[in-house]
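Trainee: I've got a structure to get through before class, and I'd love some help reading it. Can we go over it together?

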Amino acid sequence: MIEHGPLLERLLAGEFVCPISDESGYRHLTNEETREEIDTYLRPLNRRLASNEEGSVYFLAWRQLNDNARDQLSRQLGDTLNSLLPLLEWLQLVQEALGRDTLAAPGDVLKPAEFSAKCEDNQSLRERLERLATDSFFGSQSDQLDAQVKQVFKRLKEHGYLLQPHSERQVFVVTGKIDYLVDLVRFIRDEENLPIEEGSEEGSGSQEALL
Amino acid sequence: MSSNGEHALESRLLKTGSERLALLGKHADVLMQAYTRDEVPLESLSDSALRKLLAARILWRPDEQSGVKLAPKVRELIAEMLADETRRHVNADVAETLELIRALVHSYREARSRGEHWRLEQQLMRLRQEVDDLNGRFADAIDSLWQRLNSDFGFVSQLNDKIRENDRAQKQIARLLDGLALIDFDELIELVGSDGSLRKLLISLLQQQLSQHYTGLREVQRRLIELMARFRKQQARSRLISGMAAFMREHPGFVPGNYARRSEVPGLVNQAAPLSAAAAPALDRNLDSRLLAELLHQLPQPRHTTQTVEAAAPAQAQESSLAAARQQALKQDVEHFYLSVIDQPQAEPVSALEYLHESPLEWPEEIWLFQVISEYQGLPRSDQKAFRLKQQESQASQFNHLRLIHDVELQLAV
């Protein structure tokens with residue numbers, strides 16, 4: 001158990017462990033025996049190891065859901081929902097600004113400087129970034145583009161969606177917590193029966209059928 | 001004699017062939033322009049050059065009205081040379097090749113039974129070429145598929161195009177596999193009979209090569225399907241996120257259920273509160289205390305600045321935190337007062353003092369009024385407009401403008 005000390009500390013501190021945020025820790029967690037050991041250790045702390053469906057990210061969950069745990073979960077859920085739209089808009093903004101046709105995914109490298117440069121050249125992106133940065137979740141007080149971008153990246157790092165491998169270099173890597181966010185969105189859509197399509201619009205299947 | 005005729009034919013073929021191949025080099029620029037556009041730019045070609053190119057079937061004219069275009073075979077040749085995956089064709093027309101092989105084998109046997117050695121050689125060579133061609137077509141097709149796969153279909157930028165290209169590649173594989181299935185070795189064995197060179201060419205060599213192609217195709221197919229799944233997943237994620245963002249923008253008041261209150265809390269929502277594994281230096285173990293002492297010695301000496309007595313604050317930490325707690329309680333009670341005003345039917349004014357007396361609260365009147373007023377002033381301007389605060393006051397004396405507040409009335413502004 002002793003070799004898992006640092007990993008346990010990260011998990012207890014509420015971190016999400018994925019191949020990006022902690023490669024060796026994540027590798028250990030893919031071993032079922034290690035997971036059981038950790039679970040046994042966590043039992044007196046009323047916690048257990050949990051993961052998203054794909055198993056791409058691990059975190060700690062309550063073992064017994066007593067009233068305190070439920071209160072804490074309600075508050076946390078409220079916080080998450082408040083930050084949901086800004087996070088989704090940020091994901092869309094990154095996708096559009098960097099001219100990608102896919103969402104930022106774990107392992108993707110993002111450079112604030114590149115992002116700023118793209119927003120600077122495009123008035124509509126610039127405005128959207130401004131609105132986003134001054135949202136209470138990101139909470140930028142500045143009207144300077146660079147400072148706003150910096151603040152947005154800083155907050156995303158604080159919330160574990162981004163990782164900064166070298167503190168002196170402005171280069172960030174997207175972590176597996178993004179997967180968790182996407183899963184949560186999908187979950188809410190399914191639970192609330194929201195009219196949001198996920199499948200292919202053009203339906204290559206139907207085209208094949210026509211052929 | 002006939003052999004002489006054949007030789008003459010061959011030398012004529014050689015001459016015309018080289019002349020026409022040379023045309024490709026001579027007009028390379030024009031042909032490449034035609035490759036990238038729809039039509040051949042005629043202004044840079046002389047009439048005789050155009051005639052020669054048409055005669056060599058390097059160019060063709062679909063009909064009288066339309067312009068001159070690159071012949072499909074030439075376009076294919078260029079695409080193949082450039083490994084241009086957008087235009088590269090996969091064509092393994094096995095059925096026709098098989099027909100040709102059958103015909104060549106029959107003709108070969110006839111030549112052998114008649115003892116025509118020269119023709120025999122010719123037929124064998126053409127057979128070898130056909131088999132090589134067949135192999136080459138499969139090898140090219142597989143190479144083209146791998147190229148596209150390894151570049152993640154990098155020659156198109158949009159995900160939708162990548163998905164379509166992947167789909168196209170998978171269909172090509174299906175056609176190639178169908179083509180391979182057409183080759184029936186039992187039939188070929190019967191066809192070649194006991195002839196050693198034919199047997200080697202059409203059975204052992206071909207079988208070995210085709211089984212390699214088959215393995216290659218299956219591998220590409222597996223990888224293409226995997227890649228397709230990844231593309232589709234990326235596409236689904238992207239759509240989900242933009243869909244949810246659009247939905248939330250349209251429905252700003254949207255609140256999903258409180259999943260934490262369900263009897264069965266969904267796993268995704270169950271995320272335990274963070275816990276810090278704190279530790280402090282402990283002196284209850286001899287071994288550790290020596291280490292701690294060392295650490296203590298290694299600490300940089302703190303610079304003590306002389307503290308002046310005036311600057312030192314009285315040690316009242318406990319009292320001040322008590323006061324903060326009382327202040328917080330007062331603030332909460334006043335907030336409840338505000339809520340009760342909001343709950344008044346017909347928005348009737350409520351006296352702050354009356355509320356205090358009727359409630360079990362034990363705040364001094366003065367402090368209570370002060371907090372009610374300061375709470376009002378602390379509200380954002382927009383919220384302030386929702387209330388009307390009336391002060392019952394009187395002038396303290398005739399000689400100045402000091403006014404005493406006896407009570408305040410709070411009312412919802414309708």
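What follows is a chat in questions and answers about this predicted model.

Trainee: Let's start with chain A. How many helices and strands does it have?
Mentor: Read from the N terminus, its elements go α-α-α-β-β-α-β-α-α-α-β-β-α-α. Go through that string and sort the letters by type. You end up with 9 helices and 5 strands.

Trainee: Where in chain A is the confidence lowest?
Mentor: Overall the mean pLDDT of chain A is 87, with 93% of its residues at 70 or more. Strand S5 (residues 172-174) of chain A has the highest confidence, at 95. Over residues 200-211 of chain A, though, the pLDDT is below 50, and beyond near neighbours in sequence that stretch has 3 contacts in the model. The lowest confidence, a mean of 37, belongs to helix H9 (residues 204-210) of chain A.

Trainee: And what should I do with a low-pLDDT part?
Mentor: Go easy on it. Where pLDDT is low, the predicted coordinates should not be read in detail.

Trainee: Which residues of strand S1 of chain A point to the buried face?
Mentor: In a regular strand, side chains alternate between the two faces of the sheet. Strand S1 (residues 47-51) of chain A does alternate, and Arg48(A) and Ala50(A) are on the face that is not buried. The buried ones, pointing to the other face, are Arg47(A), Leu49(A) and Ser51(A).

Trainee: Which residue stands opposite Ser51(A)?
Mentor: Look at the partner strand, S2 (residues 58-62) of chain A, which runs antiparallel to S1(A) and is joined to it by 5 bridges. The hairpin has 6 residues between the strands, and Gly55(A) there takes a positive phi near 75°. Across from Ser51(A), in S2(A), you find Tyr58(A).

Trainee: There's another sheet in chain A. Which strands are at its edges?
Mentor: This one is an open sheet of 3 antiparallel strands in the order S3-S5-S4. S4(A) and S5(A) are joined by 2 bridges, with Leu162(A) opposite Val174(A). Each edge strand pairs on one side only, and those are S3 (109-110) and S4 (162-163) of chain A.

Trainee: On to chain B. What share of its residues counts as buried?
Mentor: Chain B has 14 helices and 5 strands. For chain A, with 211 residues, the buried share is 30%. For chain B, with 414 residues, the share is 16%.

Trainee: Why does each edge strand of the chain B sheet have a side without a neighbour?
Mentor: Here, too, 3 strands make an open antiparallel sheet, in the order S3-S5-S4. S3 (350-351) and S4 (387-395) of chain B stand at the edges, so one side of each is left without a neighbour in the sheet; the reason is that each has a single partner strand.

Trainee: At what angle does helix H13 of chain B run to S5(B)?
Mentor: First find S5 (residues 403-412) of chain B, which pairs with S3(B) in the antiparallel sense over 2 bridges. There, Glu409(B) is opposite Ser351(B). Helix H13 (residues 365-378) lies across S4 and S5 of chain B, and its angle to S5(B) is about 55°.

Trainee: Is Glu76(B) exposed, partly exposed or buried?
Mentor: Glu76(B) is in helix H4 (residues 72-82) of chain B. You need 20 or more neighbours to be buried, and 12 or fewer to be exposed. Glu76(B) has 15 C-beta neighbours inside 10 Å, so the verdict is partly exposed.

Trainee: What span should helix H7 of chain B have?
Mentor: H7(B) has 24 residues, at 1.5 Å a residue. Its end C-alpha atoms are 35 Å apart, which agrees with the expected span of 34 Å.

Trainee: Last one: which helix gives the most to the side of chain B that touches chain A?
Mentor: The contact takes 37 residues from chain B and 46 from chain A. Helices H7 (159-182) and H9 (196-250) of chain B each supply at least two residues of the chain B side. By class, that side has 21 nonpolar, 12 polar and 4 charged residues. With 14 residues, the one giving the most is H9(B).

Methods. Residues are numbered from 1 along each chain as its sequence is written. Chains are lettered from A and ligands numbered from 1 in the order in which they are written. This is a predicted model: local features need pLDDT of at least 70, side-chain atom pairs count only at pLDDT 80 or more; totals for chains, interfaces and linings use all residues. Two strands pair if DSSP finds at least two bridges between them. Helices (H or I, at least four residues) and strands (E, at least two) are DSSP runs, numbered from the N terminus. Two residues are in contact if their C-beta atoms, placed from the backbone, lie within 7 Å. Axes are lines fitted to C-alpha atoms, for helices over the stretch in contact, and angles run from 0 to 180 degrees between N-to-C directions. Ala, Val, Leu, Ile, Met, Phe, Trp, Tyr, Cys and Pro count as nonpolar, Asp, Glu, Lys and Arg as charged, and the others, Gly among them, as polar. pLDDT is the predictor's confidence in each residue, from 0 to 100. The expected span of a helix is 1.5 Å times one less than its number of residues.
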